[in-house]
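The following note sets out several points for a colleague's consideration. It concerns side-chain contacts first and strand arrangement afterwards.

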Amino acid sequence: IENGSRKARNVVVTVDLPPAMRLLGRPLAPQGQGCSATAPIRCRLGEIPGGKSISVHFSVEVNAGGPQTLAAAVTESEPDADTSNNTSTHTVDLGPP
């Protein structure tokens with residue numbers, strides 16, 4: 001998560017895993033109240049200063065091959081002038097498990 005030039009408050013990131021992926025353990029976030037240990041992943045990151053980036057790390061087990069798409073969204077308690085960069089998807093093409 002990369003914040004723009006202003007401080008973001010009550011930041012929550014949510015990651016939806018495809019059905020072929022199973023979350024292995026609780027994701028790690030460097031700040032905030034932590035992350036859920038179930039899918040969808042929900043991390044409450046608290047406040048992020050302007051210009052700072054935050055990474056959330058997690059591991060999955062893959063139960064099927066082919067293209068798998070993860071979707072992520074970030075929200076905050078303050079109005080966001082540019083919501084076009086609040087969601088993202090990433091597709092990986094995996095071989096058979």
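Does Lys 7 count as buried, partly exposed or exposed, and at what relative accessibility? Lys 7 counts as partly exposed, at 36% relative accessibility.

1. The model is predicted. A search of the whole structure finds four salt bridges. The points below take up several of them, with the exposure of the residues concerned.

2. Lys 7 forms a salt bridge with Glu 47, and the closest N and O atoms of the pair are 3.8 Å apart. This contact links distant parts of the chain: Lys 7 belongs to the segment before strand 1, whereas Glu 47 is in strand 4 (residues 41-48), 40 residues apart. Glu 47 is partly exposed, its relative accessible area being 42%. The value for Lys 7, 36%, also places that residue in the partly exposed class, because the class covers what lies between buried, under 20%, and exposed, over 50%.

3. A second pair joins Glu 61 to Arg 22 through their side chains, at 3.2 Å from N to O. Glu 61 lies in strand 5 (residues 60-62) and Arg 22 in strand 2 (residues 21-23), so the salt bridge ties together parts that are 39 residues apart in sequence. Glu 61 is partly exposed at 31% relative accessibility, and Arg 22 is partly exposed with a relative accessible area of 41%. Elsewhere, salt bridges with shared partners join Lys 7, Arg 9 and Glu 47 into one network.

4. Arg 6 and Glu 76 form a further salt bridge, in which the closest N and O atoms are 2.8 Å apart. The two residues come from distant parts of the chain, 70 residues apart: Arg 6 is in the segment before strand 1 (8-16), and Glu 76 is in the loop between strand 6 (66-75) and strand 7 (87-94). Glu 76 is partly exposed, with a relative accessible area of 22%. Arg 6 counts as partly exposed at 32% relative accessibility.

5. Turning to the strands, an open sheet of five strands follows the order 3-4-1-6-7, and its pairing is antiparallel. Strand 3 (34-35) and strand 7 stand at the edges with a single partner strand each, so one side of each has no neighbour in the sheet.

6. Which strand pairs with strand 7 in the antiparallel sense, and over how many bridges? The partner is strand 6, and the pairing runs over eight bridges. Within this pairing, Val 92 in strand 7 is the bridge partner of Gln 68.

Terms used:
Residues numbered from 1 in each chain as written. Predicted model: local features only at pLDDT ≥ 70, side-chain atom pairs only at ≥ 80, totals over all residues. Heavy atoms only, no water. Helix = DSSP H or I, 4+ residues; strand = E, 2+ residues; numbered from the N terminus. Buried < 20%, exposed > 50% of the residue type's maximum accessible area, 1.4 Å probe, protein only. Pairing = 2+ DSSP bridges.
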